[in-house]
Amino acid sequence: MIVNHPVRSGQKIYAAGSDLVILSSVSTGAEVLADGCIHVYGCLHGAAFAGVDGDQKARIFVKSLDAERVAIAGLYVNGLEFSEEWIGQPAQILLADGYLRMERIAR
Amino acid sequence: MTGTVITVTSGKGGVGKTTTSAAFGAALALRGKRVCLVDFDVGLRNLDLVLGIEKRVVFDFLHVVSGKAKLSQALIRDKRIDTLYVLATSQTHEKDALTYEGVASVIGQLQKEFDYVICDSPAGIEHGAMMALYHADHAIVVCNPEISSIRDADRILGFVSSKSKRAEEGRDPVREHLLITRYDDERVRCGEMLPVADVCDILSAELLGIIPESRAVLNASNTGLPASFDAGTDVGRAYRDAASRFFGEVPQPITVPMAAQVAVLESRPQRGFLRRLFRRS
Ligand SMILES: Nc1ncnc2c1ncn2[C@@H]1O[C@H](COP(=O)(O)OP(=O)(O)O)[C@@H](O)[C@H]1O
Ligand SMILES: [Mg+2]
């Protein structure tokens with residue numbers, strides 16, 4: 001599923017059975033969910049939930065990380081726990097050994 | 001030819017929607033366009049006050065919507081700008097009197113007679129605000145550089161893109177414009193307000209203009225003049241600039257007042273802090 005407009009506060013988008021690609025930003029107060037992976041090519045200010053139906057291999061890719069919350073297969077982390085150096089950076093979030101892991105991606 | 005519908009909206013109250021509807025509409029009319037301002041703020045009736053025509057209102061928007069008066073009986077022509085008209089709202093009618101069919105019919109009639117129909121939206125995200133944005137071709141989202149105002153603007157932008165007639169019919173989306181109003185150098189400098197660049201970044205919408213906080217707005221409304229009428233004032237210039245930018249005429253970037261530019265640089269360390277606050281709220 002491909003979304004080519006900003007996802008605004010109060011909006012919620014769910015890609016059932018597929019990946020979700022967002023070509024714009026996700027605002028604070030917005031939620032994006034997918035059974036597969038989530039790609040955000042703008043800034044992720046809101047919440048992103050990948051692998052909603054339990055897929056532990058799902059990942060979240062963002063061009064600029066500033067999320068309120070991210071989750072993969074039900075395991076979540078609050079954005080306030082991100083250390084300052086990650087904010088605004090391109091990153092991927094994946095599940096490894098039962099923990100959520102953040103990794104830098106090419107900038 | 002059908003006229004273009006421009007909805008002035010914000011989510012939050014008191015940010016300057018009515019001031020902007022009158023000033024922006026007048027700026028278009030001063031360029032020779034035929035403009036009608038429609039007040040959707042049922043029960044509060046203030047567009048007519050801002051324009052100093054409250055005593056001339058006999059029939060209003062709701063009379064026309066409910067078929068109790070003809071459009072020609074309710075349209076009030078401005079005394080100074082002869083292509084500017086107003087359809088005032090009533091203080092007495094129930095909010096629910098704005099029916100989909102009634103509003104659609106009035107907007108349709110106005111589009112035949114005017115180049116631009118400007119809808120002044122009430123605050124909030126309820127019926128009145130939805131009716132005001134339903135027919136929009138363009139939405140001017142008015143926002144003060146403050147966190148709560150930005151959040152509400154963002155939410156209303158979501159409704160603009162999903163709840164308009166254009167969205168329902170799968171036509172080209174409503175053109176979204178961001179107008180930052182009540183911009184105060186001093187408050188940006190001390191970190192109480194967000195710099196313009198951050199507001200645009202958070203809202204990802206096209207910037208139409210920056211209107212400074214100014215006494216000229218109060219003076220204008222006290223004398224029943226739209227704030228754009230006097231081109232010699234700071235707000236007058238800013239609203240006229242916004243109008244020319246609306247027509248794609250001003251290729252140079254928007255000028256942020258000098259003090260604010262300095263503030264933008266100085267407030268960089270604040271940025272993370274304000275952003276975090278924004279996230280948390
Ligand atoms: N640029 C400005 N500078 C100073 N005061 C302003 C400005 N814009 C609006 N105001 C004042 O703010 C108040 C609310 O404005 P209004 O246009 O009625 O907002 P809204 O329609 O969004 O509720 C009014 O008293 C108005 O005079
Ligand atoms: Mg108002």
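A salt bridge is counted here where a side-chain nitrogen of Lys or Arg lies within 4 Å of a carboxyl oxygen of Asp or Glu. In the predicted model described here, the side chains of A:Arg8 and B:Glu176 satisfy this rule, with a distance of 3.4 Å from N to O. This pair belongs to the interface of chain A and chain B, across which two salt bridges are found. On the side of chain A that touches chain B, four residues are charged, whereas eight are polar and five are nonpolar.

The interface can also be described by its residues and its area. Contact between the chains involves 17 residues of chain A and 18 residues of chain B, and seven residue pairs across the interface are in polar contact, with both residues of each pair at pLDDT 80 or more. The size of an interface is often expressed as the accessible area that is lost when the parts come together. Between chain A and chain B, the area buried is about 1,500 Å², and carbon and sulfur atoms give 40% of this area.

Ligand 1 is surrounded by 13 residues, of which the closest are B:Gly14, B:Lys17, B:Thr18, B:Thr19 and B:Arg182. A backbone N or O atom of B:Lys17 lies 2.8 Å from an oxygen atom of ligand 1, while B:Thr18 places a polar side-chain atom 2.9 Å from an oxygen atom of the ligand. For B:Thr19, the corresponding distance, from a polar side-chain atom to an oxygen atom of ligand 1, is 2.6 Å. On its own, ligand 1 has 560 Å² of accessible area, and the protein covers 78% of it.

Terms used: Residues numbered from 1 in each chain as written. Chains lettered and ligands numbered in written order. Predicted model: local features only at pLDDT ≥ 70, side-chain atom pairs only at ≥ 80, totals over all residues. Heavy atoms only, no water. Contact = heavy atoms within 4.5 Å. Buried area = accessible area lost by both parts, 1.4 Å probe. Polar contact = N/O pair within 3.5 Å; in protein donor to acceptor, adjacent residues only side chain to side chain. Nonpolar A, V, L, I, M, F, W, Y, C, P; charged D, E, K, R; others polar. Near = heavy atom within 4 Å. Areas by Shrake-Rupley, 256 points an atom, 1.4 Å probe, with all protein chains shown as cover.
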